[in-house]
Amino acid sequence: MISIWLTPAKEDSAYLQEIVNALAFEYQAPVFYPHCTLYSPTDLEGYELDKILEKAGKKIGSLYVTMNKLDHTINIWKTVFIELEKSLELSNLQHNLVSLIPEPKPYDFLPHISLIYKKMTAEQQEEIIHNLAVRNSYKMDRIVAMKTGPDVKHWEKIAEVRFHA
């Protein structure tokens with residue numbers, strides 16, 4: 001299964017990675033790269049993904065995303081996350097990307113950056129949120145195609161395109 005992500009620029013990626021790493025260590029959860037999923041799943045081949053990512057990122061400089069709030073769900077992929085504002089720029093990028101995918105499956109785009117993947121009680125999740133202070137805005141500068149699946153340890157990058165800032 002392939003997922004297509006919007007990923008943070010170097011400085012913001014390092015900042016978010018520290019949070020992910022600290023939570024993973026504290027709660028024995030997997031470590032993963034901070035990202036906002038634009039579309040998933042697809043089973044396109046690498047060469048097709050390269051072309052799609054290149055076209056999707058072509059007219060875009062760096063994109064800034066803004067936090068709406070910290071939240072949590074019972075869905076393991078949204079255990080505790082930064083809910084992002086669905087800005088026109090972000091929505092347009094996601095829509096343009098999906099329009100380039102042959103026969104895309106319906107995808108409910110709820111932009112967010114997950115901070116931990118783990119089954120937890122609502123109390124644990126609320127405690128994390130209560131004790132967490134995060135930046136309000138993040139610079140995103142690339143689209144990445146990742147081979148994903150149930151085991152985070154086996155995720156791997158297949159293609160990456162930096163925005164033409």
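On the other side of helix 2 from its buried residues, Tyr 47, Lys 51 and Lys 55 are exposed in this predicted model. The buried residues of helix 2 are Leu 49, Ile 52, Leu 53, Ala 56 and Gly 57. Seen down the axis of helix 2, these buried residues fall within an arc of 120 degrees, so they line one face of the helix. An α-helix has 3.6 residues a turn, so residues three or four places apart point the same way.

**Helix 2: length and packing**

- Helix 2 covers residues 46-57, and its 12 residues should span 16 Å at 1.5 Å a residue.
- The C-alpha atoms at the ends of helix 2 lie 16 Å apart, in agreement with that expected span.
- The packing partners of the buried residues of helix 2 include three strands named here: strand 1 (2-8), strand 2 (36-42) and strand 6 (137-147).
- Strand 7 (156-162) and helix 3 (88-100) are also among the elements that the buried residues of helix 2 pack against.

**Largest pocket**

- The largest pocket holds about 370 Å³ of space.
- Its lining consists of 19 residues, and Thr 37, Ser 40, Trp 77, Tyr 107 and His 112 are the ones nearest the centre of the pocket.
- At least two residues of this lining come from each of strand 1, strand 2 and strand 5 (112-116).
- Strand 2 gives the most to the lining of the largest pocket, namely 3 residues.
- By class, the lining of the largest pocket has 8 nonpolar, 9 polar and 2 charged residues.

**Second largest pocket**

- About 230 Å³ of space lies in the second largest pocket.
- Residues lining the second largest pocket include Lys 55, Ala 56, Lys 58, Lys 59, Ile 60 and Leu 63.
- Glu 89, Asn 92, Leu 93, Asn 96 and Leu 100 also belong to the lining of the second largest pocket.
- Helix 2 and helix 3 are the elements that give two or more residues to this lining.
- Helix 3 gives the most to the lining of the second largest pocket, with 5 residues.
- The classes in the lining of the second largest pocket are 5 nonpolar, 2 polar and 4 charged residues.
- Lys 55 and Ala 56 both line this pocket, although Lys 55 is exposed and Ala 56 is buried.

**His 95**

- His 95 is located in helix 3.
- The relative accessible area of His 95 is 52%, so His 95 counts as exposed, the cut-off being over 50%.
- Along the chain His 95 and Ala 56 are 39 residues apart, and their C-alpha atoms are separated by 9.4 Å.

Methods:
Residues numbered from 1 in each chain as written. Predicted model: local features only at pLDDT ≥ 70, side-chain atom pairs only at ≥ 80, totals over all residues. Heavy atoms only, no water. Helix = DSSP H or I, 4+ residues; strand = E, 2+ residues; numbered from the N terminus. Expected span 1.5 Å × (residues − 1). Buried < 20%, exposed > 50% of the residue type's maximum accessible area, 1.4 Å probe, protein only. Arc of directions from axis to C-beta. Contact = heavy atoms within 4.5 Å. 1 Å grid on protein atoms, 1.4 Å probe; cavity = no way out; pocket = protein on both sides within 12 Å on 5 of 7 lines; lining within 4 Å. Points joined across faces, edges and corners; volume = space filled by probe spheres on them. Nonpolar A, V, L, I, M, F, W, Y, C, P; charged D, E, K, R; others polar.
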